[in-house]
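Q: Please take a close look at the surroundings of the ligand in this model. Which parts of the fold contribute to them, and how are those parts arranged?

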Amino acid sequence: MAAESWLLEAEGLSKRFGGLQAVQDVRLQVAEGTITGLIGPNGAGKSTLFALLSNFLKADAGKVRFRGRAIEKLQPYQLAQLGLVRTFQVARSLSRLTVLENMLLGGQQQRGEKFWQVWLHPQAIRRQEQELRDRAFSLLSDVGLAAKAQDYAGSLSGGQRKLLEMARALMAQPQLVLLDEPAAGVNPALIEKICDHIQTWNQQGISFLIIEHNMDVIMSLCDRVWVLAEGKNLVDGPPAQIQQDEQVLAAYLGL
Ligand code: ADP
Ligand code: MG
């Protein structure tokens, strides 16, 4: 595949924390329209790689291109405007805002409206607000949280917070969503629903890069899987191949 056709492409990424080389010379590619998996044992550097890809951390070395564009100098909110958003392993919803307010905040990034627009175009703004609310409710019902729209985010369970965070990321109408362990702490019935929705969102044109320990989720969703171990690329390929790879098994078993 030609270099220009990758939606996200990283090369030579490295990050050190003191004496620990958390990510070392890592390469990763996400093709447009796909669901790509990122797996590896605890401490392999997956979350750190997400932080490097989304500019929440500055890399010591390496390059990241999103839609063919070097993104090193962009702030996370600018990346969101370009169409790249992420969620966190430990959900970061604002606990003293309601579920709906959290969602509306997620949708605000892309509007970038000025105060005078509110004054000049009040009806257009009201229409936009209504659209944002409609989108918020539609996404909240996707993840089973519509009935909790007026509850404080702080009253949600850990699993529900993860769902809220995923729905909030989608409010920005992204092209690529990085999901850090979306199924962790979520009950099995809901995990299946989340997978269905990720697939539906994917069919609507949204690409995903997913860190997940639940192998059923990875196997059922992903077009391609990348494996990290001890901060480095181990292997990558189709999920069925990765599942049978002896190097991967050995890495998980600590051999
Ligand atoms: P994973 O998500 O694959 O479990 P992480 O990227 O969270 O792995 O962590 C990789 C390694 O880097 C671990 O050894 C972790 O303890 C360390 N680490 C992660 N973030 C920091 C940080 N902010 N400061 C110091 N060490 C960190
Ligand atoms: Mg992690």
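A: In this predicted model, helix H1 gives the most to the shell around ligand 1, supplying three residues. Strand E2 also takes part, since E2 and H1 each contribute at least two residues to that shell. The residues that surround the ligand are Phe17, Leu20, Ala22, Gly40, Asn42, Gly43, Ala44, Gly45, Lys46, Ser47 and Thr48. By class, the shell divides into six polar residues, four nonpolar and one charged.

The strand that contributes to the shell belongs to an open sheet of four strands, ordered E2-E1-E4-E5 and paired in antiparallel fashion. Strand E2 (20-31) and strand E5 (69-70) occupy the edges; each has a single partner strand, so one side of each is left without a neighbour in the sheet. For E2, the pairing with E1 (residues 6-17) is antiparallel and comprises eight bridges. Within the sheet, Leu8 stands opposite Val30 of E2. Helix H1 (residues 46-53) packs on this sheet, where H1 touches E1, E2 and strand E4 (61-66). The direction of H1 makes about 115 degrees with that of E1.

A separate helix pair may be described alongside this region. Helix H5 (residues 122-142) and helix H6 (residues 158-171) pack at about 145 degrees, their axes lying 9 Å apart, and their crossing is right-handed. The contact involves Arg135, Ala136, Leu139, Leu140 and Asp142 from H5, together with Ala167, Leu170 and Met171 from H6. Six nonpolar and two charged residues make up this contact, with no polar residues.

Conventions. Residues numbered from 1 in each chain as written. Chains lettered and ligands numbered in written order. Predicted model: local features only at pLDDT ≥ 70, side-chain atom pairs only at ≥ 80, totals over all residues. Axes fitted to C-alpha atoms, helices over the stretch in contact; angles between N-to-C directions. Left-handed = near helix turned anticlockwise from the far one by under 90°. Contact = placed C-beta atoms within 7 Å. Nonpolar A, V, L, I, M, F, W, Y, C, P; charged D, E, K, R; others polar. Pairing = 2+ DSSP bridges. Near = placed C-beta within 6 Å.
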